[in-house]
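Thanks for making room for this on the agenda. I would like to walk through one model with you, going from a single side chain out to the whole chain.

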Amino acid sequence: MKSSKKVKNTLFVIFIIALFIDTAISGMLAWFEDSFGVTFREIIYTIKSPLSGANSDFLLGAVRYVVPKLVVFVVILVAVILFMGIGRYLSVDLILTGRTGRTKKADLLNVAFGLIVIIAVGYSAKVISDINSKLEITRFISEYNARTELYEDYYVIPDCNAITADRPKNLLYIYLESMETTYASRDVGGEQPEINYIPNLTRMAEENVSFSDEEGLGGFISAADTDWTMAAIWATQTGAAFNFPIEGNSDLSDRENFAKNTVTLGDILQQKGYYQEFLCGSDATFGGRKEFFEQHGDFRIYDLYTAEEEGYLTPEEEVNWGVEDWLLYEIAKDELTRIAAEDTPFDFTMLTVDTHHFDGWICPLCEDTYPGQLANVMVCADRQINDFIEWCKLQDWYDDTVIVIQGDHPRMDQSLVSDAKDRMVYNCFINTGYDAAKLNMKNRQFNTMDLFPTVLAAVGYDVPGNRLGLGTNMFSGEETLCEELGSDYIDTEVVKYSQFYADNFY
């Protein structure tokens, strides 16, 4: 009898712990759903990537979701335990008839234990189902075991010698963190009911070359496996999705040979004699950015630690992920001035960060005009990129330089975008020499990978067949793979295993 009671008590504790864990996971899932748009695939790749330099402050948001649920759970648990304790001396008869006295037929302890078992099993099953639904784990397993020949059929391996130009320009390539056209107002093509939070970027798109999925301000599709920062950079520099194996591969662990067989934009421009530099405000090793740019184009890496070494800030002045964008632009000005003084074409690539989730970063230049934090951050970011481009226009090197401004991917939290239907990523090409009126820019379907040949063409290079990687030169007006095969089909295929990808990329 004592043994049976001991087993029951042990099981009772186990089920209570299970319920506690399920409650915590449920809170985490609620936070995750409200804050991110990523799947299990992206989580795996992020974990496999170098994580130094990552900001853990966002986890406080998870705590705010989880703690209230756990508090409610503990209160209910205490009430149940107290009720069960009283139940040892009171019977169901007292509750139903008012008569006192202990009775075997109404063992509240057994009843409560049975209910807890049922609740724990049911709740655990629901949590597991929710995890799978939100993270798409079974889909990931299915896709990971599937095979595609998309690359065999359509991928064009770049031939550096065949890519030529008479008078190529410099390249200033600006990746704006999480910059999608959703932040603009509906009257110009965005998704905001009334306010355009990116008026300067909207004007730049109208005055220059900007390819759009509609008549108004639009952009490109963030294809599967290109929808986080390193994956987006990879896709625009290679014309391929970021689909490396998740086990036993040095490309995703020590990064000693980051896709050594792949020909990238950096590799091509290096062969053409370009000086190349990558500037970011965080630790460049995060996600493998440092290794990628160093090994494909011999980029000079200028990150948070370089800024500290050169006296732009001290470790105590670091905020958020490191260097705020206002300071990043000042560094960019100094670096561009230094680089342009040399008699060498340059590719200066930079990545902003203040618009990163959650809700962006409030810097000293931000104004408190709108109720939501991200709205104020977006307006500030829009103003800063405009001021930087206006500065560029005053420099001697401006006329010989193409400026590419693009978002890296759609934002990962839900601020300002939760009601958006079509979330396209921003793009703008300044100083290309192309007549925008003669280009097929509107109502186009294209994705991140199309930027690879398009950027080369913008700089002035002839791209044989107007195709590189899985991308199409948008300046050519030719049909993209999204237009030929459908973007849904592309998304379905690029996440599968490809023997061509394995043979040529890693």
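Before anything else, a word on usage: when I say polar contact, I mean a pair of N or O atoms within 3.5 Å, where, within protein, one atom must be able to donate a hydrogen and the other to accept it. Please also keep in mind that what you see is a predicted model.

With that in hand, let me start at S282, whose side chain is joined to the side chain of R289 by a polar contact of 2.8 Å. S282 sits in the loop between β2, residues 275–280, and α11, residues 289–295. Is S282 buried or exposed? Its relative accessible area is 5%, and since buried means under 20%, S282 counts as buried. If we set aside the neighbours within four places in sequence, the residues that S282 contacts are R289, D303, L304 and W321.

From that loop we can step back to β2, which pairs with β4 in the parallel sense over six bridges, and within this pairing E277 stands opposite F348 of β4. Strand β1, residues 170–176, also pairs with β4 in the parallel sense, here over five bridges, and M350 in β4 is the bridge partner of I174.

What, then, surrounds β4 itself, residues 346–351? Six of its six residues are buried, so this strand is largely enclosed by the rest of the structure. In a regular strand the side chains alternate between the two faces of the sheet. In β4, F346, F348 and M350 point one way while D347, T349 and L351 point the other way, and all of them are buried.

A helix gives us another pattern to look at, and I have chosen α17, residues 487–494, where S487, I490, E493 and V494 are buried. These residues cover an arc of only 130° around the axis, which places them on the same side of α17. The cover over the buried residues of α17 includes α7, residues 150–154, and α16, residues 481–485.

Finally, for the chain as a whole, there are 18 helices and eight strands, and buried residues make up 53% of the 506 residues. Among contacts with a separation of 6 or more, 74% are between residues 24 or more positions apart. The protein chain exposes about 22,600 Å², with carbon and sulfur atoms supplying 54% of that area.

Note on methods: Residues are numbered from 1 along each chain as its sequence is written. This is a predicted model: local features need pLDDT of at least 70, side-chain atom pairs count only at pLDDT 80 or more; totals for chains, interfaces and linings use all residues. Side-chain values use heavy atoms; hydrogens and water are left out. Helices (H or I, at least four residues) and strands (E, at least two) are DSSP runs, numbered from the N terminus. Buried means under 20% relative accessible area, exposed over 50%, partly exposed in between (1.4 Å probe, protein chains only). Contact means heavy atoms within 4.5 Å. Accessible areas come from the Shrake-Rupley method with a 1.4 Å probe; for residues, only the protein chains shown count as cover. The arc is that of the directions from the helix axis to the C-beta atoms. Two strands pair if DSSP finds at least two bridges between them.
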